[in-house]
Amino acid sequence: MRPLKQLIDGKPSTVMVGPDDTVFTALNLLAQFDIGALLVLEQGRLVGIFSERDYARKIILKGKASKDTAVREIMSEKVSCVTLKQTVEDCMALMTDKRIRHLPVIGPNEEVLGILSIGDLVKEVISDQKFTIEQLVSYIQN
């Protein structure tokens with residue numbers, strides 16, 4: 001399987017939001033980029049993650065208004081992260097254990113390098129399995 005660096009480099013730029021932006025602004029970014037989560041950065045430092053799940057559970061179900069609520073009020077502050085040293089398998093295990101769908105990748109100086117979704121990881125696993133199957137078929141046929 002490819003290293004995490006290649007997975008991150010192959011993705012479009014990571015979409016981010018500030019903690020003082022409104023939830024409505026964050027929702028517009030999710031819709032515009034067709035993604036399920038945004039990293040929340042303050043002065044270049046990761047302070048949280050905002051997801052569709054946060055919106056559903058902390059705005060809709062509590063009767064709040066997205067135009068009047070700051071991202072900081074509903075973002076998840078305890079963010080599980082990985083580094084480039086970890087593997088796809090490590091990431092999938094962490095996501096399964098923590099029941100999360102998005103995982104920020106952090107560099108050696110705590111800088112955000114990108115974000116991986118469970119879909120990114122499943123796609124990589126399927127691609128790797130497909131390659132292995134093709135190699136085995138080729139070996140058997142020759």
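Helices here are DSSP runs of at least four residues, numbered from the N terminus; with that in hand, let's look around this predicted model.

**View 1. The whole chain, element by element.** This predicted model holds six helices and five strands. Read from the N terminus, the order of elements is α-β-α-β-β-α-α-α-β-β-α. The C-alpha trace spans about 65 × 35 × 30 Å along its principal axes. Of the contacts with a separation of 6 or more, 52% join residues that are 24 or more positions apart.

**View 2. Glu 124 in helix H6.** Here we zoom in on Glu 124, which has its place in helix H6, residues 118-141. Is this residue buried or exposed? Glu 124 counts as buried because its relative accessibility is 7%, and the cut-off for buried is under 20%. Leaving aside residues up to four places away in sequence, Glu 124 touches Met 1, Arg 2, Leu 7 and Val 88.

**View 3. Val 71 and its neighbours.** Our next stop is Val 71, placed in helix H4, which covers residues 71-74. With a relative accessible area of 0%, Val 71 is under the 20% cut-off and therefore buried. Which residues does Val 71 touch, not counting those up to four places away in sequence? They are Val 17, Gly 18, Pro 19, Asp 21, Thr 22, Val 23, Ala 26, Val 40 and Phe 50. Look for Asp 20 in this view too: Val 71 and Asp 20 are 51 residues apart in sequence, yet their C-alpha atoms are 6.0 Å apart in space.

**View 4. Lys 67 over the ring of Phe 24.** This close-up shows a lysine and an aromatic ring. Lys 67 lies over the face of Phe 24, and the distance to the ring centre is 4.7 Å. If you are hunting for aromatic pairs, where ring centres must lie within 6.5 Å, the count comes to zero.

**View 5. Surface and charge.** Stepping back to the whole protein, we find an exposed area of about 9100 Å². Carbon and sulfur atoms supply 52% of that area. Buried residues make up 35% of the 142 residues. How many positive and negative side chains does the protein have? There are 18 positive and 19 negative ones, and the centres of the two sets lie 5 Å apart.

Terms used:
Residues are numbered from 1 along each chain as its sequence is written. This is a predicted model: local features need pLDDT of at least 70, side-chain atom pairs count only at pLDDT 80 or more; totals for chains, interfaces and linings use all residues. Side-chain values use heavy atoms; hydrogens and water are left out. Helices (H or I, at least four residues) and strands (E, at least two) are DSSP runs, numbered from the N terminus. Buried means under 20% relative accessible area, exposed over 50%, partly exposed in between (1.4 Å probe, protein chains only). Contact means heavy atoms within 4.5 Å. Accessible areas come from the Shrake-Rupley method with a 1.4 Å probe; for residues, only the protein chains shown count as cover. Lys and Arg count as positive and Asp and Glu as negative; His and the chain ends are not counted. The place of a charge is taken as NZ of Lys, CZ of Arg, CG of Asp or CD of Glu. Rings of Phe, Tyr and Trp (its six-membered ring) pair if their centres lie within 6.5 Å; planes under 30 degrees apart count as stacked, over 60 as edge-to-face and the rest as tilted. A charge sits over a ring if NZ of Lys or CZ of Arg is within 6 Å of the ring centre and within 35 degrees of the ring normal.
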